[in-house]
Amino acid sequence: PLFGSSPARSDGAEATALRHAMVSAAGALKPDGWFVVMLDGDDPERLLAAATAGAAAELELVDVIHRESRRSGDGVTLHFRKPSAEDRLRAIQLSRVR
């Protein structure tokens with residue numbers, strides 16, 4: 001894991017570590033590359049922190065999948081994608097049409 005939760009760390013410190021890890025990892029992705037974040041539990045604040053960290057890393061949130069498991073516990077998987085130059089150009093063109 002790139003980051004973890006420990007009793008000594010505050011929620012803000014965990015969110016900051018997550019943001020830094022995702023920005024660093026996103027820098028290594030090629031355009032159209034995928035990045036997956038798996039969270040243990042279903043805490044809405046951690047889910048929001050991961051989605052916000054993805055936005056800070058300029059990643060597009062594609063899917064959020066809730067996982068229920070008796071053996072490994074509940075969790076959430078977030079699928080991010082690094083936009084390509086074509087995606088950015090398409091977004092600019094769509095904004096001009098509107």
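**Exercise 1. A contact at the start of a helix-side pair**

Find the residue whose side chain makes a polar contact with the side chain of Glu86, and give the distance.

*Solution.* Step 1: the partner is Ser84, and the two side chains come to 3.1 Å in this polar contact. The model you are working with is predicted, so please read each value here as computed from that model.

Step 2: place both residues. Glu86 belongs to helix H3, while Ser84 sits in the loop between strand S3 (75-81) and helix H3 (85-97).

Step 3: classify Ser84. Its relative accessible area is 4%, and buried means under 20%, so Ser84 is buried.

Step 4: look for a neighbor of Glu86 from elsewhere in the sequence. The C-alpha atom of Pro31 is 9.5 Å from that of Glu86, although their positions lie 55 residues apart along the chain.

**Exercise 2. The order of elements**

How many helices and strands does the chain have, and in which order do the elements run from the N terminus?

*Solution.* Step 1: count the elements, which gives three helices and three strands.

Step 2: follow the chain from the N terminus, and the order reads α-β-α-β-β-α.

Step 3: add the burial figure for the chain. Of its 98 residues, 24% are buried.

**Exercise 3. A salt bridge with Arg81**

Which residue meets the side chain of Arg81 in a salt bridge, and which parts of the chain does the pair tie together?

*Solution.* Step 1: the structure holds two salt bridges. In one of them, the side chain of Arg81 meets that of Asp32, with an N to O distance of 2.8 Å.

Step 2: locate the two ends. Asp32 is in the loop between helix H1 (11-27) and S1, and Arg81 is in strand S3, so the pair ties together parts that are 49 residues apart in sequence.

Step 3: compare each end with the cut-offs. Arg81 has a relative accessible area of 13%, which is under 20% and therefore counts as buried. Asp32 has 39%, a value between the 20% and 50% limits, so Asp32 counts as partly exposed.

Step 4: check the backbone of Asp32. Its phi is positive, about 70 degrees, although Asp32 is not a glycine.

Step 5: bring in Leu29, which is also found in the loop between H1 and S1. Leu29 is buried, at 18% relative accessible area. From Leu29 to Arg81 the C-alpha distance is 9.1 Å, with 52 residues of sequence separation.

**Exercise 4. A salt bridge with Asp40**

Which residue meets the side chain of Asp40 in a salt bridge, and is Asp40 buried or exposed?

*Solution.* Step 1: the partner is Arg67, at 3.9 Å from N to O. The cut-off for a salt bridge is 4 Å, so this pair falls within it.

Step 2: place the pair. Arg67 is in strand S2 (residues 60-67) and Asp40 is in strand S1, so distant parts of the chain, 27 residues apart, are linked.

Step 3: assign the exposure. Asp40, with a relative accessible area of 57%, is exposed. Arg67 counts as partly exposed, at 22% relative accessibility.

**Exercise 5. A charged patch and an unusual phi**

Which residues form the negative surface patch, and where is Asp43 found?

*Solution.* Step 1: list the members, which are Asp42, Asp43, Glu45, Glu68 and Asp74.

Step 2: take Asp43 as one of the members. Asp43 is in the loop between strand S1 (34-40) and helix H2 (44-56).

Step 3: test it against the patch criterion. Its relative accessibility is 36%, which makes Asp43 partly exposed, and patch residues need over 30%, so the value fits.

Now find the value of phi for Glu58 and say whether it is positive or negative.

*Solution.* Step 1: phi of Glu58 is near 60 degrees, a positive value in a residue other than glycine.

Step 2: locate Glu58, which is in the loop between H2 and S2.

Step 3: finish with its accessibility. At 63%, Glu58 is over the 50% limit and so counts as exposed.

Key
Residues are numbered from 1 along each chain as its sequence is written. This is a predicted model: local features need pLDDT of at least 70, side-chain atom pairs count only at pLDDT 80 or more; totals for chains, interfaces and linings use all residues. Side-chain values use heavy atoms; hydrogens and water are left out. Patches are made of residues with over 30% relative accessible area and no salt bridge: like charges are joined within 9 Å, nonpolar side chains (Val, Leu, Ile, Met, Phe, Trp, Tyr) within 5 Å. Accessible areas come from the Shrake-Rupley method with a 1.4 Å probe; for residues, only the protein chains shown count as cover. Lys and Arg count as positive and Asp and Glu as negative; His and the chain ends are not counted. The place of a charge is taken as NZ of Lys, CZ of Arg, CG of Asp or CD of Glu. Helices (H or I, at least four residues) and strands (E, at least two) are DSSP runs, numbered from the N terminus. Buried means under 20% relative accessible area, exposed over 50%, partly exposed in between (1.4 Å probe, protein chains only). A polar contact is a pair of N or O atoms within 3.5 Å; within protein, one must be able to donate a hydrogen and the other to accept it, and residues adjacent in sequence count only if both atoms are side-chain atoms.
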